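Let's take a walk through this one together. Have the viewer open and follow along as we go.

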Amino acid sequence: MSLMPVADALAAILADAAPLVEEWVPLASGHRRVLARDLSATRTQPPLPMSAMDGYAIRAADAAQPGARLTVIGEVAAGQPAEQRLEAGETMRIFTGGVVPDGADSVVIQEDTTRDGDQVILNVAARHGHHIRPAGIDFHQDDVLLRAGTRLSDRDLALAASMNHAKLPLRRRPKIAMLATGDELVMPGTCPGPGQILYANGFALHALARDEGADTIDLGIAADTLESTTAAIRRARELDVDILVTTGGASAGDHDMVLRSLEAEGVAMSFWKIAMRPGKPMMHGTLGGLRVIGLPGNPVSSYVCAFLFLVPLIRALSGRRDVAHIGESAVLGRAVGGNDGREDYLRASLDYDAMGRLVATPVERQDSSLLSQLASAQALVIRPPFAHAADAGAPCRIIKLPL
Ligand SMILES: Nc1nc2c(c(=O)[nH]1)N[C@H]1C(S)=C(S)[C@@H](COP(=O)(O)OP(=O)(O)OC[C@H]3O[C@@H](n4cnc5c(N)ncnc54)[C@H](O)[C@@H]3O)O[C@H]1N2
Ligand code: MOO
């Protein structure tokens, strides 16, 4: 297989990624989940005109000049509308959120009044409509306020509550099984033998996938044998996950078992090897409803590929409208050389210069094994295939990495 361009690889991964089924979820559990359909208001907010202040509800015509004296005929607290209508020369004590009584068209705040028994003197002239929130000033019944495909923010939950939705129609979260491969890998906290490597990739990948709204299951570390890798792939199928993500064992070495195992299990591969750096030996395939993304083992390659390909897949399965990463414009903070045929994603730090421009400075060492450099980066600078050398200050495209 030849190297597949990055855009084609992403298109292949997203080709059949339809949103997962809808499920009804209690509002409080909806944070950062994705709406399956448009959500409209079941009521008007506020349902009736309400006072924005503590004070007195009046008829503005009664107090065209400061010094008007009105008779206090009642009190309106929030949630307890007055039964009486306000007539000329009358006022009602009202509190913030109280329904403005019929007949009243203005509220004077209590600081601008002097109480005198059952009368109140207004020290200011009234203004029609002052301190009154009209019915529907926030929204009206049947207004569509949250769109299908929206990932719900904390503020969206409060809005949905105000629209009177106790449960929300959400997309099922994608389920992902993560499998590491490599005889050399040992867990952090153990004492690695000579040549052993600490398992690292999965910590970033689980966190990245969960942050995007997926549920993740860890399948541990498979040995570099066909049997071990195949057994883990079968386990993923038994768990009925939507995506199996493997790391390592993706290239052409004698101990790289992933492609062989996937093919042996009947996975139809759509590609193996893409025109990208880092991440050349990435692969993708499907087996029924199971999608497989085989990430390279080098820690930077596995993360950058997951960020660029797994994240959009999670978003698409989650039913999000915003599947693609948003690219931004910046200027280079250092000169970069000309590129070869692989699209390059340079790890870079971000800053602003004196002119307020966003400056992306590629870290000096771009080797795909360097986690220290990846962790210090805030963005990826995209260098298209065969891009010419560029000086510091030249425009570039970037994608910000998650915090
Ligand atoms: N002859 C060729 N050799 C290689 C090619 C090639 O095209 N021809 N491609 C290179 C590129 S590019 C990459 S990227 C790597 C990826 O290879 P693998 O996916 O087979 O990765 P491994 O060999 O399993 O591991 C590479 C490296 O990363 C370490 N690793 C693996 N998994 C983890 C983990 N979970 N946590 C931390 N570190 C991990 C592993 O110990 C190795 O050091 O292949 C090149 N070779
Ligand atoms: O993709 Mo590899 O990441 O060039 O080392």
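A polar contact here is a pair of N or O atoms within 3.5 Å. Keep that cut-off in mind for the ligands, and remember that the model is predicted.

Start with ligand 2. Its surroundings are made up of Pro278, Gly279, Lys280, Asn298, Ser301, Arg342 and Ser368. Sorted by class, that shell has 1 nonpolar, 4 polar and 2 charged residues. Lysine 280 comes in through its backbone, with an N or O atom 3.0 Å from an oxygen atom of ligand 2. Asparagine 298 uses its side chain instead: an N or O atom there is 3.2 Å from an oxygen atom of the ligand. Then there's serine 301, where a polar side-chain atom sits 2.3 Å from an oxygen atom of ligand 2.

Now swing over to ligand 1. There are 21 residues around ligand 1, and those that come nearest are Glu184, Ala200, Gly249, Lys280 and Gly297. You've met lysine 280 already, in the list for ligand 2. By class, the shell around ligand 1 has 9 nonpolar, 8 polar and 4 charged residues.

Which atoms of alanine 200 and ligand 1 lie 2.9 Å apart? On the protein side, a backbone N or O atom of alanine 200; on the ligand side, a nitrogen. Aspartate 256 works through its side chain, where an N or O atom is 3.1 Å from an oxygen atom of ligand 1. Asparagine 298 turns up again, this time with a backbone N or O atom 3.5 Å from an oxygen atom of ligand 1. As for cover, ligand 1 has 880 Å² of accessible area on its own, and the protein covers 71% of that. Strand 15 (197-198) and helix 6 (299-317) are the elements that give two or more residues to its shell.

Leave the ligands and look at proline 362, which lies in strand 24 (residues 358-362). Is proline 362 buried or exposed? It counts as buried because its relative accessibility is 3%, and the cut-off for buried is under 20%. Beyond its neighbours within four places in sequence, proline 362 is in contact with Leu332, Arg334, Val336, Leu346, Arg347, Ala348 and Val381. Phenylalanine 139, by comparison, is 223 residues from proline 362 in sequence and 47 Å from it in space, C-alpha to C-alpha.

Last stop: a hairpin. Strand 8 (residues 113-116) pairs with strand 9 (residues 119-122) in the antiparallel sense, over 4 bridges. Threonine 113 stands opposite leucine 122 of strand 9. The hairpin has 2 residues between the strands, and glycine 117 takes a positive phi near 65 degrees.

Terms used. Residues numbered from 1 in each chain as written. Chains lettered and ligands numbered in written order. Predicted model: local features only at pLDDT ≥ 70, side-chain atom pairs only at ≥ 80, totals over all residues. Heavy atoms only, no water. Pairing = 2+ DSSP bridges. Buried < 20%, exposed > 50% of the residue type's maximum accessible area, 1.4 Å probe, protein only. Contact = heavy atoms within 4.5 Å. Near = heavy atom within 4 Å. Polar contact = N/O pair within 3.5 Å; in protein donor to acceptor, adjacent residues only side chain to side chain. Areas by Shrake-Rupley, 256 points an atom, 1.4 Å probe, with all protein chains shown as cover. Nonpolar A, V, L, I, M, F, W, Y, C, P; charged D, E, K, R; others polar.
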